[in-house]
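Visitor: Could you take me through one part of this model slowly, beginning with one local feature and then moving outward to its surroundings? Please explain your terms as you use them.

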Number of protein chains: 2
Amino acid sequence: MKPIDALRTLLGTDAVLDSAADLAPYLTDWRGRYTGSALAVALPRSTAEVALTLRWCAQHAVPVVAQGGNTGLVGGATPDTSGRALVLSTRRMRRIRSVDTANDTITAEAGCPLQEVQQAALAQERLFPLSLASQGSCTIGGNLATNAGGTQVLRYGNARELTLGMEVVLADGTVWNGLRGLRKDNTGYDLKQLFIGSEGTLGIITAATLKLFALPRARVVCLVACPDLAAAIALLHRARAAAGPALTAFEVISDDCWQLVRTQRAGAGAAGRALFAQPHPWLALLEWSEPEDAAHAQDQCERLCAASMAAGIAHDAILSRSLDDARSLWSLRESIPEAQARAGGNVKHDISLPLGSMAAFVAETGAALQALDTDLRPMVFGHLGDGNLHYNVGTQVGVPAAAAFSREAQINDIVYAAVARHGGSISAEHGLGQLRRELAQRTKSAEEMAMMRAIKQALDPDGRMNPGKLI
Amino acid sequence: MKPIDALRTLLGTDAVLDSAADLAPYLTDWRGRYTGSALAVALPRSTAEVALTLRWCAQHAVPVVAQGGNTGLVGGATPDTSGRALVLSTRRMRRIRSVDTANDTITAEAGCPLQEVQQAALAQERLFPLSLASQGSCTIGGNLATNAGGTQVLRYGNARELTLGMEVVLADGTVWNGLRGLRKDNTGYDLKQLFIGSEGTLGIITAATLKLFALPRARVVCLVACPDLAAAIALLHRARAAAGPALTAFEVISDDCWQLVRTQRAGAGAAGRALFAQPHPWLALLEWSEPEDAAHAQDQCERLCAASMAAGIAHDAILSRSLDDARSLWSLRESIPEAQARAGGNVKHDISLPLGSMAAFVAETGAALQALDTDLRPMVFGHLGDGNLHYNVGTQVGVPAAAAFSREAQINDIVYAAVARHGGSISAEHGLGQLRRELAQRTKSAEEMAMMRAIKQALDPDGRMNPGKLI
């Protein structure tokens, strides 16, 4: 019997795909940047079937690439071109195993789409706060394997901070059931932390127990026009002091980036209205969420905006007056990536910095890019509250995006040199995958790389878990 | 030259202690439960000197026990009785390296007492929220090595959640500088997570970069009398919904425990007053902290208490009217361990449970202990908001504490069997050390122990880092 037929016997005929047509959707990443090939795709239905699959892989020395919603931005879930690997898709493992309202926890299988976890929480009047553009299709397993960030990190943390327990299948098929729902447990090494952010290179996450929160009773969104980035940072400090943890998001959008969205949306109803009479160099989008009531939240936001305008760090402000308003302001922010794609794309970076270096980074990098080519335009937006910018470099209006792509290597050199100079990170929330693996190896210390290799060796001695990614 | 003289040459004569008198304070744990012996005590002044020390240990095959403030409760920082180990005390490494108010981070050396970190933050109008009974003498290095909890976990998390970056010296003397001050950094395995809670068994933490927060402007403490534990849990849910993250602490105290404090404090001023006219089965202590103002916080707490009394889950409530009041209520809670020690001590447990199992656990365990010996009395208090109880078993008034100690093994069997039955943890915030190492090995799965051993082997192949602790 051929090895692949043995796998079919273990999982059932329909759970192993190997025709070219069936394989295709699993072999190219979401952005269409990477295409690999694979021996087959396995679609296990349960943790036990994942264990059978990994034991089969061990027996036949087959590398394995875990794939959730295939929405990653760095090619982490796309196999290499050798055709030797098995893609293990978690899409059939999408059960919510339990919602525990007494303990405020939810246990979901790896293939469960993020949005279904949010909805299961909402059905019990709880909040699962992880929130991403791709939430309709990305999966909890992928969110944890990449330590996903998103728009609510400022208050609730990354995927890591939301995880209490985890079930993992290791390279040899061993199942580790670490599905604890405890806020405190100091009984040895916190092993789940290793798998969070490991991008499938240490084992395959099959389920997780996650934190739920009380639903906020009121939510107000403010769009604030700022004279410069330093003012937006001052506004962030002021908002933190005024709101404390009620400040659930603080995003920024540069004017170049904003005009792109506005132009594309012109005439598209409320969202397309010119929100401010004149352009402003930077916009900040704040979200205030609280358990009291809308009137209190409105009042607090108004005070914050008024004081910020009096202090000269804000020039104008728009507050949401309803949840619809709030959604509409958010949708403007969320339409940025699509607007950038429609404009022909740009050279993307997902960087983080200590907040005190942010304004200098943006000024220095902007100047260096102008010196390289006056047609280049940084189209910057991101999660300022987390020190995280999507520092994307495109071209000025009328110049084709290709002009930026042709200078990609030089642009990257400028951006990453500035990140290193200011003690930042080359990948804040997107991970390394294939795209940034080499870069990470060049920028991390030898000591750190050696420790990472020792951990990899300890848990995956044959190097079969997602080879060519992260490490 | 004798090996110890070589160490003296490296660190300086005054940095290596080996007389019996000099060694003594380092060889017994805070509770006086464990006494070991040691080759010597090293007192390095810098990370470079820690590296020299560990290289010397590697050369001479000397095991090493890291010690901070020596305030641990499980014997984790006390050497074994072989006399072969070097105790490495971090007490001379107590510098605050930097406070970055723009980034809201602080970088402190391992031997810096927790209270000095709190004060350095306060001097910049920031909050470092980690808060423990031993904060005057425990050190940041020890806090991180044990993933310390304390009274503010509900809002701010354990020591783990407060840590952004770390500097560690490995068993072979390699220095890893991972002192990043970033809220987001997805560039590989999050190695610092391994060292947090590893109790010195993987490497020695020499410094850390920690999160700071805006100072809350108002703080109100309520002491609420509840008819039973289920009512206290219902109050917790209600408080969470009403306060959201403004609920910074939620503690409970059983009446047996409360009467002990009250009796010992009778006549000791405000704190000794009979706060309630009659005894109540359980007391809850809530802390509400917020950025608005005291009047708003008072008003919100009064509403919460009134609604809870109307719902029958609270019988009475006392609110702090000033910061002095708040401190005085907290001091009652904080005097419990001392009051228990003065009453002759008890058999201690530091357990956590899913909140839905808490009331059943307390009822079942109390009944089983009564069946074992009617003189036994659980003296329970702890961090209910984190699902964490200090479930200490003493004796009823008039019966010597020895009656509990004589039954220690049976009491432990009853408590830990119930913890296992309800999916809890045998050590919520105190760690394993020597005291609970065997118990952890018996209660953890074979898969989990195997992974822990693989990690230990990867980072400390010769097993010289704090042998006999945790693993």
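Guide: In chain B, S5(B) and S6(B) make a hairpin with 4 residues between them, and within that turn Asp104(B) has a positive phi of about 55 degrees. Strands here are DSSP runs of E with at least two residues, helices are runs of H or I with at least four, and both are numbered from the N terminus. This is a predicted model, in which local features need pLDDT of at least 70 and side-chain atom pairs count only at pLDDT 80 or more, whereas totals for chains, interfaces and linings use all residues. Residues are numbered from 1 along each chain as its sequence is written, chains are lettered from A and ligands numbered from 1 in the order in which they are written, and side-chain values use heavy atoms, leaving out hydrogens and water.

S5(B), residues 96–100, and S6(B), residues 105–109, run antiparallel and are joined over 4 bridges, where pairing requires at least two DSSP bridges between two strands. One of the partnerships sets Asp100(B) against Thr105(B) in S6(B).

In chain A, S5(A) and S6(A) (residues 105–109) also pair in the antiparallel sense over 4 bridges, with Ile96(A) standing opposite Ala108(A) in S6(A). These strands belong to an open, antiparallel sheet of 5 strands in the order S5-S6-S10-S8-S9, whose edges are S5 (96–100) and S9 (175–178) of chain A. Neighbouring strands of the sheet are turned by 10 degrees against each other on average, direction ignored. Helix H4 (residues 114–123) of chain A packs on this sheet, touching S5, S6 and S10 (203–211) of chain A, and makes about 145 degrees with the direction of S6(A); axes are lines fitted to C-alpha atoms, for helices over the stretch in contact, and angles run from 0 to 180 degrees between N-to-C directions.

Turning to the interface, 78 residues of chain B are in contact with 78 residues of chain A, contact meaning heavy atoms within 4.5 Å. The two chains bury about 6200 Å² between them, 57% of it on carbon and sulfur atoms, this being the accessible area (1.4 Å probe) that two parts lose on being put together, summed over both. On the chain B side, Lys184(B), Asn186(B) and Tyr189(B) lose the most area, together 17% of what that side buries. The chains share 10 salt bridges, each a side-chain nitrogen of Lys or Arg within 4 Å of a carboxyl oxygen of Asp or Glu, and one of these links Arg160(A) with Asp190(B) at 3.3 Å, N to O.
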